[in-house]
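Here are some short exercises to work through with the structure open beside you. Try each task before you read its solution.

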Amino acid sequence: MVRAYSMSSSPEEGFYLFEKMRQKRIPTNPFACSFAIKCCMKFCSLMGGLQIHARVLRDGYQLDSQLMTTLMDLYSIFEKSFEACKLFDEIPQRDTVAWNVLISCYIRNQRTRDALCLFDNLNREESGCKPDDVTCLLVLQACAHLGALEFGEKIHSLDMAFEVFKGMPEKDVVSWSAMISGLAMNGHGRDAIEAFGAMQRAGVLPDDQTFTGVLSACSHCGLVDEGMMFLDRMSKNFGILPNIHHYGCVVDLLGRAGLLDQAYQLITSMGVKPDSTIWRTLLGACRIHKHVTLGERVIEHLIELKAQESGDYVLLLNLYSSVGDWEKVKELREFMNEKGLQTTPGCSTIELKGVVHEFVVDDVSHPRINEIYQMLDEINKQLKIAGYVAEITSELHNLGAEEKGNALSYHSEKLAIAFGVLATPPGTTIRVAKNLRICVDCHNFAKVLSGVYNREVIIRDRLRFHRFREGRCSCNDYW
């Protein structure tokens with residue numbers, strides 16, 4: 001019965017039933033404890049899980065590897081990576097599933113570099129285990145977060161991930177969720193939503209991570225009605241309470257659609273406390289849609305959280321410059337100088353033949369820098385013939401139009417792309433990683449270049465992948 005409730009829309013009943021078993025002194029076993037923990041995971045009760053963990057220790061079940069792995073999954077969902085890692089170290093006989101749960105935990109907690117290090121440890125002979133298809137999907141997800149594209153290709157090409165998934169004999173919620181998230185992150189939002197439908201037809205119940213992927217897919221495709229429907233169905237049909245990540249996806253979705261006031265209302269009325277990330281999502285939408293008043297209000301909320309960063313003020317600078325309010329740009333710059341707020345320098349990297357080449361704006365350090373600037377000048381000439389015009393609102397200084405165009409010419413991602421064109425054969429895909437959000441002008445530059453030079457250009461910025469093909473981007477010009 002506990003197992004049945006753990007797979008139903010009433011998981012709390014399974015937990016209460018397990019409690020009654022304890023009260024009536026009916027003996028339990030590791031399997032019953034495992035399913036009771038899964039019930040707690042489904043109705044988001046960390047306290048219930050902690051109670052069961054205490055009883056597991058009291059009853060001496062801590063040597064059961066499968067039960068310990070389920071407990072790891074519980075702590076992973078509640079972003080308790082330290083506790084999950086401690087349990088992993090205590091498991092007497094680790095199998096590949098345990099490794100996968102910890103890798104998933106690190107990815108869920110934005111510890112992507114740790115996830116890749118863990119994958120390296122799993123590959124060592126002394127681990128006694130081998131990666132399976134789920135491991136590959138999870139590590140590809142980590143590679144996508146870091147922009148470590150060549151590392152990902154050592155496992156499977158990103159484009160081959162779906163083939164790996166299709167070839168799996170048994171697909172569980174982890175593999176389905178990894179595939180849905182991977183499709184969403186790489187700009188295949190509708191495919192991700194179709195995969196969610198296939199997951200339901202296969203009889204696999206989604207978890208909170210699945211819905212993060214689905215809502216992200218809706219956001220990338222601009223499917224407002226569908227996104228709101230999925231948010232509603234989470235709790236009504238599957239008993240999963242939306243968390244801050246789910247609300248963040250929906251705020252991003254509403255922001256993309258220009259429904260900024262509705263997004264603000266959602267943040268102020270949702271059942272969890274807003275964090276800095278969700279406010280920054282809305283601030284980014286204010287920049288796109290030039291909603292100055294709301295952008296200023298969002299900054300006030302960040303100040304209340306004591307979470308404001310220099311990057312937030314840069315977004316506000318972008319917002320003021322986009323509407324030509326140079327007086328406020330000046331005031332905000334003076335404020336940032338007074339507070340000692342330093343902006344993070346933009347940096348772009350491109351990896352060729354195992355060597356990482358790094359560029360900053362107006363770079364002069366690369367050994368082939370003269371050739372790179374010559375190539376970039378030639379590229380600019382060709383793109384202008386094709387209709388490319390510099391987006392001068394991306395320049396935050398009050399300069400003339402020509403001066404702004406010149407200032408934008410040598411952004412780090414443009415230098416990295418020019419080096420890619422210079423150093424690789426025609427038709428080769430160019431892959432660049434950027435530590436900040438790509439600016440509008442560089443985005444337009446990469447779009448036009450992909451068509452003129454017949455190159456696929458993939459840029460992983462701070463937020464997502466941008467895949468440029470034939471003059472179009474996978475983000476549909478919203479990021």
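**Exercise 1. Compare the expected span of helix α8 with the distance between its end C-alpha atoms, then find where its buried residues lie.**

Solution. Start with the length: helix α8 covers residues 112–123, and at 1.5 Å a residue its 12 residues should span 16 Å. The expected span is 1.5 Å times one less than the number of residues. The end C-alpha atoms are 17 Å apart, which agrees. Next, list the buried residues (under 20% relative accessible area; exposed is over 50%, partly exposed in between; 1.4 Å probe, protein chains only). In α8 these are Thr112, Ala115, Leu116, Leu118, Phe119 and Leu122. They cover an arc of only 155° around the axis, which puts them on the same side of α8. The arc is taken from the directions from the helix axis to the C-beta atoms.

Before going on, a word on the source: this is a predicted model, in which local features need pLDDT of at least 70 and side-chain atom pairs count only at pLDDT 80 or more, while totals for chains, interfaces and linings use all residues. Residues are numbered from 1 along each chain as its sequence is written, and side-chain values use heavy atoms, with hydrogens and water left out.

**Exercise 2. How many of the 12 residues of α24 are buried?**

Solution. 10 of the 12 are buried, so α24 is largely enclosed by the rest of the structure. Among them are Glu413, Lys414, Phe419 and Gly420.

**Exercise 3. Put the six strands of the open sheet in order and find its edges.**

Solution. The order is β2-β1-β3-β4-β5-β6, with mixed pairing. β2 (355–360) and β6 (472–473) stand at the edges with a single partner strand each, so one side of each has no neighbour in the sheet. Strands are DSSP runs of E of at least two residues, and helices are runs of H or I of at least four, numbered from the N terminus. Two strands pair if DSSP finds at least two bridges between them. Now look at one pair: β1 (residues 347–352) runs antiparallel to β2, joined by six bridges. Here Thr349 stands opposite Glu358. In their hairpin, with two residues between the strands, Lys353 takes a positive phi near 55°.

**Exercise 4. Is Ser65 buried or exposed, and which backbone oxygen does its side chain reach?**

Solution. Ser65 lies in helix α5 (residues 65–77). Its relative accessibility is 18%, so Ser65 counts as buried. The Ser65 side chain reaches the backbone oxygen of Gln93 at 3.1 Å.

Terms used
Polar contact = N/O pair within 3.5 Å; in protein donor to acceptor, adjacent residues only side chain to side chain.
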